[in-house]
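Trainee: I have a structure to look at and would love some help reading it. Could we go through it together, one question at a time?

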Amino acid sequence: MSNMNQVRSFDAVSGVIVAEAGCILESLNNYLIPHGSMMPLDLGAKGSCHIGGNLASNAGGLRLLRYGSLHGSTLGLEVVLPDGTILNNLATLRKDNTGYDLKQLFIGSEGTLGIITAASILTPQLPKAVNVAFLGVKDYQAVQTVFRRARQELSEILSAFEFIDEESMRLVKIHASLRDPLSDSFPFYILIETHGSNKEHDDEKLSSLLEKLMEEEIVQDGVVAQDETQVTSLWKYREFIPEAVSKHGKTYKYDLSIPLPSLYQVVEKIRVHLESQGVFDPKSESGLIRAVTGYGHVGDGNLHLNVVASEVSPRVAAALEPYVYELTSSYQGSISAEHGLGFQKAEYLKYSKSPEMIKLMQITKKQYDPQGILNPYKYLPTLE
């Protein structure tokens with residue numbers, strides 16, 4: 001039986017790769033690097049996740065800011081429908097305006113409409129110059145200011161802009177045994193990455209930006225990677241957070257999209273709410289909840305909220321849900337930014353989608369899968 005993990009073709013001129021769904025994301029990237037290309041998607045789980053699963057959940061990743069979502073870079077799909085029909089739409093064209101763009105139905109559908117077996121994906125050129133800066137700032141307002149300035153002054157070379165709060169960094173330093181890259185601790189940290197084609201040009205742009213931000217005291221401290229080893233080391237502080245929070249206790253994880261000006265308010269309000277429910281003492285880890293942390297992708301408004309408890313507790317669950325989703329809805333946010341709905345969030349879809357939109361999604365599901373054999377109870381709320 002095939003593992004469906006083969007690269008069927010790659011065109012180095014157009015940059016289009018056709019790969020089967022069982023291919024590991026990191027393996028695809030390693031395949032492309034000698035050809036001067038790279039996958040447009042990068043995840044912390046790249047060493048184990050499959051491209052088919054990435055497409056089915058519309059994974060976002062660390063560099064969506066620069067390379068966009070899979071909805072944009074995927075040119076075609078091969079999909080097995082519930083009745084066994086094989087939908088062969090492995091187009092390699094960037095422009096095809098003939099009828100409905102059917103592939104978009106399956107990207108992010110979490111296997112509820114069909115099973116993705118292969119994909120054709122447009123891959124970007126491998127950058128010739130990569131820079132990473134790690135900065136410390138005094139508040140979330142400074143995070144926003146740095147992001148705005150980075151967009152203005154780094155423009156086309158800005159590939160990632162991540163933020164980490166002090167509590168996330170504390171857990172990373174505990175569980176990863178990493179030294180603080182800066183001379184002091186700060187309420188917020190920022191990781192900026194650039195991808196470009198001219199090292200001297202990119203260095204000058206980044207240095208100019210950081211010099212101005214330091215002079216204006218928007219950034220209190222910072223360090224810039226001097227080589228590839230330091231680039232990898234600085235990324236570890238961001239990439240190790242999920243593992244660090246899991247090592248610290250039983251973690252309730254939320255993947256939210258929030259308008260950027262309000263993004264960190266969600267974390268602050270969750271802390272206040274949990275304190276009012278008697279399950280969290282911000283000055284001690286002696287209660288049910290040991291930590292409430294926030295970090296994520298500023299470039300696309302994606303907040304990763306983590307509530308770390310000493311144990312799985314009905315009291316914690318009741319304090320969190322549906323409050324987290326109600327709060328997200330009050331900011332016109334999304335209850336799932338990049339990891340899908342699955343079983344747990346299906347019944348909460350109403351906090352992000354209108355009744356009319358949910359009904360149309362249910363009609364689509366019934367049209368494609370009238371017997372309900374693909375991922376039943378997943379993705380959509382129970383029909384009333």
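Trainee: In what order do the five strands of the open sheet lie?

Mentor: Keep in mind that this is a predicted model. Strands of a sheet pair through backbone hydrogen bonds, either parallel or antiparallel. In this open sheet of five strands the pairing is antiparallel. The edge strands, each pairing on one side only, are E1 (7–11) and E4 (86–89), and the full order is E1-E2-E5-E3-E4.

Trainee: Which residue of E5 is the bridge partner of Ile17?

Mentor: Start with the two strands: E2 covers residues 16–20 and E5 covers residues 115–122. They pair in the antiparallel sense over five bridges. In E5, the partner of Ile17 is Ile121.

Trainee: How are the planes of the Phe10 and Tyr31 rings set, and what is the pair called?

Mentor: A pair of aromatic rings is described by the distance of the centres and the angle of the planes. The structure holds 16 aromatic pairs. For Phe10 and Tyr31, the centres are 6.4 Å apart and the planes stand at 90 degrees; planes over 60 degrees apart count as edge-to-face, so this pair is edge-to-face.

Trainee: How far apart in sequence are the parts that Phe10 and Tyr31 tie together?

Mentor: Phe10 is buried, with a relative accessible area of 18%, while Tyr31 is partly exposed at 33%. Phe10 belongs to strand E1 and Tyr31 to helix H1 (residues 25–32), so the parts tied together are separated in sequence by 21 residues.

Trainee: Is Tyr254 buried or exposed?

Mentor: Tyr254 lies in strand E10 (residues 250–257) and its ring partner Tyr325 in helix H13 (residues 323–330). A residue under 20% relative accessible area is called buried. Tyr254 has 3% relative accessibility, so the word for Tyr254 is buried.

Trainee: What is the order of the seven strands in the other open sheet?

Mentor: Here, too, the pairing is antiparallel. The edge strands are E9 (221–224) and E10, each pairing on one side only. Neighbouring strands are turned by 15 degrees against each other on average, direction ignored. The order is E9-E6-E8-E7-E11-E12-E10.

Trainee: Which residue in E11 stands opposite Glu162?

Mentor: Look at strand E7 (residues 158–165) and strand E11 (residues 289–297), which pair in the antiparallel sense over three bridges. Opposite Glu162, in E11, stands His297.

Trainee: At what angle does helix H11 run to E11?

Mentor: Helix H11 spans residues 263–276 and lies across E7, E8, E10, E11 and strand E12 (302–309). Its direction relative to E11 is about 170 degrees.

Trainee: Why do the buried residues of H9 line one face of the helix?

Mentor: An α-helix has 3.6 residues a turn, so residues three or four places apart point the same way. The buried residues of H9 are Val231, Leu234, Trp235, Tyr237 and Arg238. Seen down the axis of H9, they line one face because they fall within an arc of 140 degrees.

Trainee: Which residues does Arg238 contact, leaving aside its neighbours within four places in sequence?

Mentor: Arg238 is part of helix H9 (residues 228–239), and its relative accessibility of 5% means it counts as buried. Its contacts include the facing strand residues from before, Glu162 and His297. The full list is Leu62, Glu162, Ile164, Leu191, Tyr295, Gly296, His297 and His304.

Technical notes. Residues are numbered from 1 along each chain as its sequence is written. This is a predicted model: local features need pLDDT of at least 70, side-chain atom pairs count only at pLDDT 80 or more; totals for chains, interfaces and linings use all residues. Side-chain values use heavy atoms; hydrogens and water are left out. Two strands pair if DSSP finds at least two bridges between them. Helices (H or I, at least four residues) and strands (E, at least two) are DSSP runs, numbered from the N terminus. Buried means under 20% relative accessible area, exposed over 50%, partly exposed in between (1.4 Å probe, protein chains only). Contact means heavy atoms within 4.5 Å. Rings of Phe, Tyr and Trp (its six-membered ring) pair if their centres lie within 6.5 Å; planes under 30 degrees apart count as stacked, over 60 as edge-to-face and the rest as tilted. The arc is that of the directions from the helix axis to the C-beta atoms. Axes are lines fitted to C-alpha atoms, for helices over the stretch in contact, and angles run from 0 to 180 degrees between N-to-C directions.
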